[in-house]
Amino acid sequence: VTKLNIGIVFLAVLITGSFNSPSDTAELYLPSTGVSCLLPQLPDDRDRHSVDSKGLLCGGYTMDTCLQWSPDTGTWEDLLTLNVMRYRHVSWTPGPDIGTYLLGGSYSGLTTTLINPDGTQEPGFLLEHDTE
């Protein structure tokens, strides 16, 4: 979400990586206008990864790292190396002060990892069913 000085809020969709096209691309799409704009390239190839609403991008083709989009610098920054590989997983952010959970996927079908708001990680809860 980007706010302008005049109080108008634009909702945007962050689109990153791809299996079928260049996998190091990123763009913002504004559904209200139909306009998209390219962002700086990702530092590595990504597909089958997760992205949360604050630009936290984890796993995928590069299975053990997370990047963070910085609107202040306009760059993708290395955030952390994951303790558990994540590929074909999903992410869930239950609240702004809780962090983001990375859930299941290939190589880690029964586990979750919590990425805390300060950028650290810890094991989350176990899943009842294997998501691989």
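Is D47 buried or exposed in this structure? D47 is buried, its relative accessible area being 9%. The model described in this report is predicted.

## Salt bridges

A search covering the whole structure finds 2 salt bridges. One of them joins D47 to R48, with a distance of 3.4 Å from N to O between the side chains. The residues of this pair may be described in turn. D47 counts as buried because its relative accessible area of 9% lies under the 20% cut-off. R48, at 34% relative accessibility, counts as partly exposed, since this value falls between the cut-offs of 20% and 50%.

The side chains of D44 and R46 also meet in a salt bridge, and here the distance from N to O is 2.8 Å. In this pair the aspartate D44 is partly exposed, with a relative accessible area of 23%. The arginine R46 is buried, at 0% relative accessibility. Thus in the pair of D47 and R48 the buried residue is D47, whereas in the pair of D44 and R46 the residue R46 is buried.

## The disulfide and the cysteines

The count for the structure comes to 1 disulfide. In general, a disulfide is a covalent bond that links the sulfur atoms of two cysteines. Here the partners are C58 and C66, whose sulfur atoms lie 2.1 Å apart. This separation satisfies the criterion for a disulfide, because the sulfur atoms need to be within 2.5 Å. The torsion about the S-S bond of C58 and C66 is about 115°, and the disulfide is therefore right-handed.

Both partners are shielded according to their accessibility: C58 is buried at 0% relative accessibility, and C66 is buried with a relative accessible area of 1%. Another cysteine, C37, counts as partly exposed, its relative accessibility being 40%.

## A nonpolar surface patch

On the surface, V13, I15 and Y29 form a nonpolar patch. Together these residues have about 220 Å² of accessible area.

V13 belongs to strand β3, which comprises residues 13-16. With 38% relative accessibility, V13 counts as partly exposed. This value also meets a requirement for membership of a patch, because patch residues must have over 30% relative accessible area.

## Summary

The predicted model contains 2 salt bridges and 1 disulfide. The disulfide links C58 and C66, and the salt bridges pair D44 with R46 and D47 with R48. The surface carries a nonpolar patch formed by V13, I15 and Y29.

Note on methods:
Residues numbered from 1 in each chain as written. Predicted model: local features only at pLDDT ≥ 70, side-chain atom pairs only at ≥ 80, totals over all residues. Heavy atoms only, no water. Buried < 20%, exposed > 50% of the residue type's maximum accessible area, 1.4 Å probe, protein only. Salt bridge = Lys/Arg side-chain N within 4 Å of Asp/Glu carboxyl O. Patch = residues over 30% accessible without salt bridge, like charges linked within 9 Å, V, L, I, M, F, W, Y side chains within 5 Å. Areas by Shrake-Rupley, 256 points an atom, 1.4 Å probe, with all protein chains shown as cover. Helix = DSSP H or I, 4+ residues; strand = E, 2+ residues; numbered from the N terminus.
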